[in-house]
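Visitor: I like to know the reasons behind the labels people put on a model. Could you take me through some of them?

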Amino acid sequence: MYRIILLIGALLLTVIYFAISEPAKGEAKLAYKNYFSWTDANIINHSQAYVDESISKLKAYASKIDSKLLGLESKQIQAQQGLKNYAFNLKQLNSKNADMINEYKTLQMLDGVKNQPQLKEIKSTILRLDSKISTYQKKQSLLKGSMTRTSEMIDSTYATKAMVEQKIDEMDLIRDEML
């Protein structure tokens with residue numbers, strides 16, 4: 001019983017020492033780092049494990065890059081489809097707007113006073129169409145800018161993917177040389 005109390009007391013003093021003492025904390029952190037992370041000495045002593053772990057981390061990163069590429073390319077395809085839709089809708093709106101303008105001019109030439117209620121309605125429709133056309137053009141412009149940025153991100157991601165694959169190949173060569 002006395003030994004247990006002595007052991008608990010020594011353990012408690014050690015914990016208090018490490019909790020209070022800055023040099024002891026520093027040494028404990030250094031020992032932890034040396035034991036649980038890759039240091040120069042650990043890499044030399046366990047080089048095969050280091051290379052294997054590096055390759056697995058690079059492959060995991062390459063997998064994340066592939067996922068990101070898939071997402072970016074899907075986004076770009078959706079944007080291209082959106083641009084086609086906006087172009088089609090703009091063409092229809094512009095055609096309808098031109099028809100309404102022609103109808104307005106025709107009614108105005110016939111008898112502007114007699115056709116005043118119709119002219120007012122057509123003018124209102126033309127203004128709404130102009131607003132819609134302007135909105136679609138702005139959305140189309142924003143979508144084009146987004147596609148440009150997405151395309152740049154895809155190019156950058158492919159470059160990163162190539163670098164990661166190159167590093168994987170280099171690490172594979174290192175591993176083969178070690179065997």
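Guide: Gladly; here is a short talk about salt bridges, exposure and a surface patch. This is a predicted model, where local features need pLDDT of at least 70, side-chain atom pairs count only at pLDDT 80 or more, and totals for chains, interfaces and linings use all residues. Residues are numbered from 1 along each chain as its sequence is written, and side-chain values use heavy atoms, with hydrogens and water left out.

Visitor: Why is the contact between Asp52 and Arg175 called a salt bridge?

Guide: The term asks for a side-chain nitrogen of Lys or Arg within 4 Å of a carboxyl oxygen of Asp or Glu. The closest N and O atoms of Asp52 and Arg175 are 3.5 Å apart, so the pair qualifies. Asp52 belongs to helix α4 (residues 47-111) and Arg175 to helix α5 (residues 116-178), so this bridge ties together parts 123 residues apart in sequence. Helices here are DSSP runs of H or I with at least four residues, numbered from the N terminus.

Visitor: How many salt bridges are there by that rule?

Guide: The count comes to five. One of them joins Lys161 to Asp66, with the closest N and O atoms 2.9 Å apart. That pair also links distant parts of the chain, Lys161 in helix α5 and Asp66 in helix α4, 95 residues apart. In addition, salt bridges with shared partners join Asp52, Asp172 and Arg175 into one network.

Visitor: What makes Lys57 exposed, and Glu53 partly exposed?

Guide: Buried means under 20% relative accessible area, exposed over 50%, and partly exposed in between, using a 1.4 Å probe and protein chains only. Lys57 has 53%, so it counts as exposed. Glu53 has 28%, so it falls in between. Their side chains meet in a salt bridge of 3.2 Å, N to O; both residues lie in helix α4, four residues apart, about one turn of the helix.

Visitor: Which residues form the nonpolar patch on the surface?

Guide: Tyr32, Tyr35 and Phe36 do, with about 450 Å² of accessible area together. Those areas come from the Shrake-Rupley method with a 1.4 Å probe, and for residues only the protein chains shown count as cover. Patch members have over 30% relative accessible area and no salt bridge; nonpolar side chains (Val, Leu, Ile, Met, Phe, Trp, Tyr) are joined within 5 Å, like charges within 9 Å. Tyr35, found in helix α2 (residues 22-36), has a relative accessible area of 66%, so it passes the patch cut-off for area.

Terms used. Helix = DSSP H or I, 4+ residues; strand = E, 2+ residues; numbered from the N terminus.
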